[in-house]
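Good morning, everyone, and thank you for making the time. Please have a look at the structure on the screen while I talk about its aromatic rings.

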Amino acid sequence: MSAYNGWSSDTALREAVAREGASWASGAIDAYGALTGGELVAEGFAANENKPRLKTFDRYGRRTDEVEFHPSYHRLMEAAMRHGVNGFAWRNQNRVGAHVARAAIMYLGTQADAGICCPMSMTHAAIPALRHAPGLAEKWIPKLISQHYDPRSIPMEEKSGCTIGMGMTEKQGGSDVRANTTRATRLADGSYEIVGHKWFFSAPMCDAHLVLAQAEGGLSCFLVPRFRPDGSKNAVEIQRLKDKLGDWSNASSEVEFRGAHGMPVGREGRGISTIIEMVSLTRLDCMIGSSAQMRQATIQAIHHTRNRRAFGKRLVDQPLMRNVLADLALESEAALALTMRIARAVDASAKDQHEAALARVATAIGKYWICKRTPSHVNEAQECLGGIGYVEESIMPRLYRQAPLNSIWEGSGNVQCLDVLRALAREPASRDALFSELRSASGLDPEYDAVLRRLVCALDDATTIEHRIRFVVEQLALALQASVLLRACKEGGDIEIAKAFCRSRLGGSHGIALGTLDPEAPIGKLIDRATVFD
Ligand SMILES: Cc1cc2nc3c(=O)[nH]c(=O)nc-3n(C[C@H](O)[C@H](O)[C@H](O)COP(=O)(O)OP(=O)(O)OC[C@H]3O[C@@H](n4cnc5c(N)ncnc54)[C@H](O)[C@@H]3O)c2cc1C
């Protein structure tokens with residue numbers, strides 16, 4: 001596929017950004033879009049063909065614990081920071097829609113290479129948690145939201161741009177972080193000495209990580225930098241890099257803390273509530289990332305079938321293939337629509353309690369469903385390419401390997417569903433915000449209204465609710481997606497597309513596989529909207 005602009009060629013994205021209040025950022029998004037569909041595509045291939053390597057020691061046998069990345073990865077990181085995947089929302093935090101604009105920027109970056117999104121997402125998401133430690137925030141935040149990428153392994157004081165990661169998961173538990181055994185002992189100067197391990201510690205080259213450890217007052221959050229205040233290397237030893245299914249350009253590691261220096265972030269014993277502020281943003285980023293993977297898979301499928309002939313006709317003109325392509329496009333557009341709606345809720349959260357309550361519950365719903373849908377979506381798109389879809393020269397194997405990751409990390413599927421259950425059962429504000437959001441689209445479609453009526457009483461039987469919660473969350477997610485598409489019609493959105501979504505996803509006229517839209521679906525419109533080249 002030749003170079004394209006990921007922003008100007010994406011009608012659904014431009015509409016979503018305008019709908020959610022970030023049109024003012026079009027110029028900034030456009031500039032990155034020209035790169036993510038252009039020169040960064042080749043960098044993405046090279047960064048994945050050349051995986052990062054661990055360099056444990058220098059030539060004198062001293063520990064360095066460095067990770068060596070291919071130059072293409074550095075170029076991807078440099079472009080991501082320059083265009084604001086890490087910092088755009090915070091540098092523009094006084095403008096309405098800054099998180100929406102930043103979501104669009106990340107959506108574009110992921111399409112060139114998802115591997116950079118892990119450190120970029122964590123760096124973006126760490127800001128609210130860090131604010132619990134004003135001294136650290138003052139020192140770190142300007143560098144974390146910086147547009148300058150500096151990969152050098154040197155103390156943060158000497159750098160103009162920094163990145164940050166997160167260390168929660170231990171061998172004995174990732175979902176249940178209360179089982180963490182890493183210990184933090186308070187020293188006389190107020191810093192802590194940390195001893196223990198982390199079983200998954202992605203982006204270990206970051207300048208610091210927010211780490212959970214057990215202190216005297218309970219599980220607490222700490223900033224663990226790569227260098228101690230005296231400039232010496234901190235005692236964070238990388239055991240090995242994970243040999244992962246996908247996400248190859250990014251490094252994930254196992255580490256031991258051997259008396260590492262850490263500074264408290266938030267109060268002792270409040271570690272989970274502190275770091276959850278980071279996690280709620282990285283969960284939104286999982287939705288952004290998975291929506292972006294669906295978009296990339298869809299355009300690859302459409303592009304290929306427009307240029308491939310079988311049985312005397314282009315594949316894109318064959319009725320059965322058209323059903324598959326249109327269904328891929330519909331799924332991708334619905335994923336993006338919900339993602340951007342939640343980005344707006346996050347954006348408004350600081351000033352609007354209703355939107356904050358909606359973001360709280362809808363992020364878990366959206367993260368569960370969109371990430372869950374991505375592997376089968378990508379596989380269906382891959383099949384449109386036939387054999388070449390299974391070959392590395394097409395981007396499809398990379399997309400396919402990446403596709404399951406977002407549903408595993410940042411809280412796996414069941415954990416998201418249990419989180420929704422907790423919010424709906426114990427937080428009346430979240431429940432009210434969710435149902436008022438859903439009710440705002442009632443009366444626009446009969447299938448939608450019928451699902452909404454069923455959802456209102458779905459939680460009534462408390463004895464079976466945990467058993468049933470996946471189904472309920474799935475229905476909530478589909479209803480939320482439909483509600484955004486239906487309401488968009490009031491502002492120029494396409495009613496045929498919204499109705500096709502309701503009939504297929506809510507009304508039972510669709511099969512389990514994609515490519516099963518009914519004959520009334522606006523097939524041509526869906527394919528044309530998603531097409532990158534005329
Ligand atoms: C590539 C990669 C990079 C990662 N990077 C990081 C990182 O940088 N920092 C970090 O802290 N972590 C990281 N993780 C770890 C990730 O967040 C955890 O793997 C994840 O949270 C699940 O934890 P676990 O592996 O211990 O699985 P478990 O907690 O053992 O869960 C296994 C399964 O059980 C389910 N489950 C758990 N509790 C329940 C329940 N009560 N009812 C029903 N089902 C349940 C879960 O949903 C999951 O499907 C990374 C993971 C991967 C794959």
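I will go through two of the aromatic pairs and then turn to charges that sit over rings.

Please keep in mind that what you see is a predicted model. Seven aromatic pairs are found in this structure, and I would like to begin with the one formed by Trp 24 and Phe 88. Their ring centres are 6.0 Å apart and their planes meet at 15 degrees, and because planes under 30 degrees apart count as stacked, this pair is called stacked. Where do Trp 24 and Phe 88 lie? Trp 24 is in the loop between helix 1 (11-19) and helix 2 (26-36), whereas Phe 88 belongs to helix 5 (residues 88-91), so the pair ties together parts that are 64 residues apart in sequence. Trp 24 has a relative accessibility of 29% and therefore counts as partly exposed, while Phe 88, at 7%, counts as buried.

The second pair is made by Tyr 368 and Trp 369, and here the arrangement is tilted, with 6.5 Å from centre to centre and 35 degrees between the planes. Are these rings' residues, Tyr 368 and Trp 369, buried or exposed? Tyr 368 counts as buried, at 4% relative accessibility, and Trp 369 is buried too, with a relative accessible area of 7%.

Finally, let me come to the charges. The ring of Trp 248 has the charged end of Lys 51 sitting over it, at 4.2 Å from the ring centre, and over the ring of Phe 45 sits the charged end of Arg 398, 4.8 Å from the centre of that ring.

Technical notes. Residues are numbered from 1 along each chain as its sequence is written. This is a predicted model: local features need pLDDT of at least 70, side-chain atom pairs count only at pLDDT 80 or more; totals for chains, interfaces and linings use all residues. Side-chain values use heavy atoms; hydrogens and water are left out. Rings of Phe, Tyr and Trp (its six-membered ring) pair if their centres lie within 6.5 Å; planes under 30 degrees apart count as stacked, over 60 as edge-to-face and the rest as tilted. Helices (H or I, at least four residues) and strands (E, at least two) are DSSP runs, numbered from the N terminus. Buried means under 20% relative accessible area, exposed over 50%, partly exposed in between (1.4 Å probe, protein chains only). A charge sits over a ring if NZ of Lys or CZ of Arg is within 6 Å of the ring centre and within 35 degrees of the ring normal.
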